[in-house]
Amino acid sequence: DRLSSQIVNPDTKYDKNVNVNDNKDYNVRKPNADEIKTQKLMVLFQMTYPGAPTVYYGDEAGMWGADDPDERKPMLWADMKFEKEARHPFGLDRPVDANVFDRDLFSYYSRLIHLRLSSPALKRGSFMALPTNDKSNVCAYQRSFERDHAVVILNNSKDDQNIEVPLTNELAGLKWKNVLNSTQISIRQKTLTVQMKGKSGVVLQAKAK
């Protein structure tokens, strides 16, 4: 099943009973706005973590679907119109969902892909986890390659949080720029502080002299 539909069906196991032939309780609806926030957070992690990121066709356009044959729907294109999805294969109740190219999601994928391609630290840099409070459902890490550095902070909680991340001596004296959004950051006594919305992330970049 597609990434967004895995988010809609969080209690399923990967590639196990994830199509309607095997699991009639599988929810075939379109993901809602909160679930798209989760997808964006996952893509942010994917594009800033070590390894080669892979995007299944159409995930970036807002496509959703269960396992075979639902994951093989025709590609959504921005310049085409598509019929709404209104029927369930077994006649069960389901909402009427519009098949529309998601320009906002597509733009988000594009920005993150460009960010990764333009950053030596994110493409092939070292990785180091930064201390965070596990109970707050926050993940933070540092990527570094030669003079290029990046710090990524992910708030996987649904709650807005004031997050503090201690920086190494090497990073504390650098001038950081938030390259993903307008979230304000501050650094005091080697501690980076950022007020983050629920299900959101920031990417900070700096270049050593």
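## A tour from ring cluster to sheet and core

Start by selecting Phe45, Tyr49, Phe127 and Tyr141: ring pairs link these residues into a cluster. Keep in mind as you click around that this is a predicted model. Across the whole structure, a search finds 7 aromatic pairs. For a closer look at one of them, show Phe101 and Phe106, whose ring centres are 5.3 Å apart with planes at 50°, so the pair is tilted. The two partners can be coloured by accessibility: Phe101 counts as buried at 16% relative accessibility, while Phe106 is partly exposed, with a relative accessible area of 35%.

**Next stop: the sheet**

Switch to a cartoon view and pick out the open sheet of 5 strands, which has the order S1-S2-S3-S8-S5 and antiparallel pairing. Its edge strands are S1 (126–129) and S5 (177–178), each of which pairs on one side only. Now select residues 138–145 and residues 148–155. These are strands S2 and S3, and they pair in the antiparallel sense over 8 bridges. Zoom in on Phe145 and you will find that its bridge partner in S3 is Asp148.

Stay on Asp148 and turn on side chains. Which residue forms a salt bridge with Asp148? The partner is Lys207, and the closest N and O atoms are 2.6 Å apart. This pair links distant parts of the chain, with Asp148 in strand S3 and Lys207 in strand S8, 59 residues apart. Asp148 counts as buried at 18% relative accessibility, whereas Lys207 is partly exposed, with a relative accessible area of 47%.

Before leaving the sheet, add helix H2 (residues 33–48) to the view. H2 lies across S2, S3 and strand S8 (200–207), and runs at about 25° to S8.

**A hairpin to visit**

Select residues 185–188 and residues 191–196 for strands S6 and S7, which run antiparallel and are joined by 4 bridges. Label Ile185, and you will see Val194 of S7 standing opposite. There are 2 residues between the strands of this hairpin, and here Gln189 takes a positive phi near 50°.

**The charged residues**

How many salt bridges does the structure hold? The count comes to 11. For a group of them, select Asp70, Lys73, Glu85, Arg94 and Asp97, which are linked in a network of salt bridges. Within this network, the side chains of Asp70 and Lys73 meet in a salt bridge at 4.0 Å, N to O. Asp70 counts as partly exposed at 23% relative accessibility, and Lys73 as buried at 13%.

Now move to Glu71 and Arg72. These two form a salt bridge as well, with the closest N and O atoms 3.7 Å apart. Is Arg72 buried or exposed? Arg72 is exposed, with a relative accessible area of 56%. Its partner Glu71 counts as buried, at 10% relative accessibility.

**A polar residue in a loop**

Select Asn9, in the loop between helix H1 (3–8) and H2. At 9% relative accessibility, Asn9 counts as buried, because the cut-off for that class is under 20%. What is Asn9 in contact with, leaving aside neighbours within four places in sequence? The answer is Tyr26 and Asn27, so add both to your selection, counting heavy atoms within 4.5 Å as contact.

**Last stop: the nonpolar cores**

In soluble globular proteins, nonpolar side chains tend to be buried together. Here the largest nonpolar core has 20 residues, of which Leu44, Leu112, Leu154, Leu180 and Val203 touch the most other members. Show these five as spheres. The elements that give two or more residues to this core are H1, H2, helix H3 (103–117), helix H4 (120–124) and S3.

Centre the view on Leu180. Not counting residues up to four places away in sequence, Leu180 touches Leu44, Tyr108, Arg111, Leu112, Gly201 and Val203. Finally, recolour for a second, separate core of 19 residues, which includes Ala140, Leu171, Trp176 and Val194. Val194 is also the residue that stands opposite Ile185 in the hairpin you visited earlier.

Note on methods. Residues numbered from 1 in each chain as written. Predicted model: local features only at pLDDT ≥ 70, side-chain atom pairs only at ≥ 80, totals over all residues. Heavy atoms only, no water. Pairing = 2+ DSSP bridges. Axes fitted to C-alpha atoms, helices over the stretch in contact; angles between N-to-C directions. Buried < 20%, exposed > 50% of the residue type's maximum accessible area, 1.4 Å probe, protein only. Core = buried A, V, L, I, M, F, W, Y, C linked by side-chain atoms within 4.5 Å. Phe/Tyr/Trp six-rings, centres within 6.5 Å; stacked < 30°, edge-to-face > 60°.
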